[in-house]
Amino acid sequence: LGRLPEPERTFACHGFGLARVHEAARSGWRELEPWALLGPPRPCADSTAPLVALGYLLAEYRHRDEGCAWLRTELASRTRVELPWVYRGLGQGAVFLEMARTGVPGGVWPTGLSGEPSRCWPDAPVRARVLAPPDTIESLARDVPVVYRGDFYWGVGWGIRDFMSEDPVRSRDWIVRLPAEARTAALEGAEAAARWYRLGVGAAQSP
């Protein structure tokens, strides 16, 4: 990673973080704490990256076990400065789940537990796997505190633009389907993603 030019290293570090999140989600709760303690590799020094990854993990972790309690503790320990980035990551993860739920692009759940919702939230009991549908952008948004809902939809906009990086018109069409109060933040997130992917800005500026 350290030998890559900075723009390429930024993309590689972003992908590295998401790959680790998926691995932790697939492996179960015993991998969550090692995921947090390991941290990003040195060339990926970016104070926001682990926060975004935590939010992404909150969206896609789908095991009814001690991991949910661990994630609730992690979420509760974050400061008001950190939480916006966590909820931006949650928005990105929500898009991943929505794309899987609707069959775009691959229809494959990250952990193979296609009916089990995540809902790893304080005071929100994990619902029964069989009786509840999988999480969606809408259902996850309802669990986000109102003060951070704009950050959540910013992440949703980023995630949509990320999935449709070659088709900005289509990504905008998806965003306008969101609730009216979500569109401004989602469009800002999509525009931020477009700038990041187009310009390859440094890690310190990337979410």
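Start in the interior of this predicted model. Its largest nonpolar core holds 45 residues, and within that core Phe152 and Tyr153 touch the most other members. Helix H5, residues 83–102, provides the largest share of the core, with 9 residues. A separate core of 5 residues lies apart from this one. Among its members are Trp154, Ala192, Ala193 and Trp196. In soluble globular proteins, nonpolar side chains tend to be buried together.

Tyr153 deserves a closer look. Set aside the neighbours within four places in sequence. Tyr153 is then in contact with Ile137 and Ala141. Tyr153 also contacts Leu178, Pro179, Ala182, Ala185 and Ala186.

Now step back to the whole protein. It has 9 helices and 0 strands. Read along the sequence, the pattern is α-α-α-α-α-α-α-α-α. There are 207 residues, and 51% of them are buried. The protein exposes about 10300 Å². Carbon and sulfur atoms supply 54% of that area. Consider next the contacts between residues at least 6 apart in sequence. Of these, 68% join residues at least 24 apart.

Helix packing comes next. Helix H3, residues 49–60, packs against H5 at an angle of about 40°, and the two axes are 6 Å apart. Angles from 35 to 65 degrees fall in the oblique class, so H3 is oblique to H5. The crossing of H3 past H5 is right-handed. Which residues of H3 and H5 make the contact? On the H3 side they are Leu51, Val52, Leu54, Gly55, Tyr56, Leu58, Ala59 and Glu60. On the H5 side they are Trp85, Val86, Gly89, Leu90, Gln92, Gly93, Ala94, Phe96 and Leu97.

H3 also has helix H1 as a partner. H1 covers residues 6–27, and its axis comes within 10 Å of the H3 axis. The two cross at roughly 35°. H1 passes H3 in a right-handed crossing. From H1, the residues Leu18, Val21, His22 and Ala25 take part. They meet Ala53, Tyr56, Leu57 and Glu60 in H3. Tyr56 and Glu60 appear in the H3 contact with H5, and again in the H3 contact with H1.

Go back to H5 and follow it to Ala100, which lies in this helix. Is Ala100 buried or exposed? Ala100 counts as buried because its relative accessibility is 8%, and the cut-off for buried is under 20%. Ala100 and Thr136 are 36 residues apart in sequence. In space, their C-alpha atoms are 9.8 Å apart.

Ser139 offers a second such pairing. This residue lies in helix H6, residues 137–142. Its relative accessibility is 6%, so Ser139 counts as buried. Its partner here is Ala94, a residue of H5 that takes part in the contact with H3. Ser139 and Ala94 are 45 residues apart in sequence, yet 9.3 Å apart from C-alpha to C-alpha.

Finish with helices H7 and H8. H7 spans residues 149–163 and H8 spans residues 168–175. Their axes come within 9 Å and cross at roughly 145°. H7 passes H8 in a right-handed crossing. Gly157, Ile160 and Arg161 make the contact from H7. Pro168, Ser171, Trp174 and Ile175 make it from H8.

Technical notes. Residues numbered from 1 in each chain as written. Predicted model: local features only at pLDDT ≥ 70, side-chain atom pairs only at ≥ 80, totals over all residues. Heavy atoms only, no water. Core = buried A, V, L, I, M, F, W, Y, C linked by side-chain atoms within 4.5 Å. Buried < 20%, exposed > 50% of the residue type's maximum accessible area, 1.4 Å probe, protein only. Helix = DSSP H or I, 4+ residues; strand = E, 2+ residues; numbered from the N terminus. Contact = heavy atoms within 4.5 Å. Areas by Shrake-Rupley, 256 points an atom, 1.4 Å probe, with all protein chains shown as cover. Axes fitted to C-alpha atoms, helices over the stretch in contact; angles between N-to-C directions. Parallel < 35°, antiparallel > 145°, perpendicular 65-115°, else oblique. Left-handed = near helix turned anticlockwise from the far one by under 90°.
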